[in-house]
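Student: I have a new structure open and don't know where to start. Can you walk me through it?

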Amino acid sequence: QVQLVESGGGSVRPGGSLRLSCTASGFTFGSYGLAWVRRPPGKEFEWVSTINAGAGDIIVYHDSVRGRFTISRDNARNTLYLEMNSLKPEDTAVYYCVREVNWLTFDYWGQGTQVYVSS
């Protein structure tokens with residue numbers, strides 16, 4: 001069965017960095033677009049970034065993270081990454097790795113990893 005398992009979350013001070021990873025199994029990893037979605041405390045889900053299938057040469061970011069976050073994929077390791085720099089308190093959220101079947105349409109979600117940014 002399809003599984004997406006996130007790791008790398010934690011607590012960090014404003015301006016700090018974290019790298020999230022998502023290890024996938026149960027499907028042909030390179031054949032699917034993938035994305036990161038987050039849910040800040042008390043708020044709705046918010047799409048963060050998408051990377052296309054295959055080479056991952058088409059990448060889109062939410063305006064709030066562009067220039068600070070970098071999404072990437074390693075198809076040989078079945079792993080998706082999110083490098084997060086210059087973190088802000090408003091980046092505090094549970095971050096989910098998702099499989100994207102069409103633009104902003106997700107069919108499988110990981111369990112999430114908590115990111116907490118505070119001084």
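**Strands and core**

Tutor: Sure. Keep in mind that this is a predicted model. Let's begin with a pair of strands. Four bridges join S9 to strand S10, residues 105-109, and the two run antiparallel.

Student: Which residue in S10 is the bridge partner of arginine 99?

Tutor: Tyrosine 108 is the partner of arginine 99.

Student: And how many residues sit between the strands in that hairpin?

Tutor: Two residues lie between S9 and S10 there. Leucine 104 takes a positive phi near 60° in this hairpin.

Student: New topic. Which residues touch the most other members in the largest nonpolar core?

Tutor: Trp36, Phe69, Leu80, Leu82, Met84 and Tyr95 do, out of 26 residues in that core. Several strands supply at least two residues each, including S3 (18-25), S7 (69-74) and S8 (79-84).

Student: Which strand gives the most?

Tutor: S3, with four residues. Another core, of five residues, lies apart from this one. Ala35, Val37, Tyr96 and Val98 are among its members.

Student: Back to leucine 82. What is in contact with it?

Tutor: Beyond its neighbours within four places in sequence, leucine 82 contacts Leu18, Arg19, Leu20, Trp36, Val48, Phe69, Thr70, Ile71 and Tyr95.

Student: Where is isoleucine 71?

Tutor: Isoleucine 71 is in strand S7.

Student: Why does isoleucine 71 count as buried?

Tutor: Because its relative accessibility is 2%, and buried means under 20%. Leaving out residues up to four places away in sequence, isoleucine 71 touches Leu34, Trp36, Ile59 and Leu80, among others.

Student: How far apart are the C-alpha atoms of isoleucine 71 and arginine 19?

Tutor: They are separated by 9.8 Å, though the two residues are 52 residues apart along the chain.

Key: Residues numbered from 1 in each chain as written. Predicted model: local features only at pLDDT ≥ 70, side-chain atom pairs only at ≥ 80, totals over all residues. Heavy atoms only, no water. Core = buried A, V, L, I, M, F, W, Y, C linked by side-chain atoms within 4.5 Å. Buried < 20%, exposed > 50% of the residue type's maximum accessible area, 1.4 Å probe, protein only. Contact = heavy atoms within 4.5 Å. Pairing = 2+ DSSP bridges.
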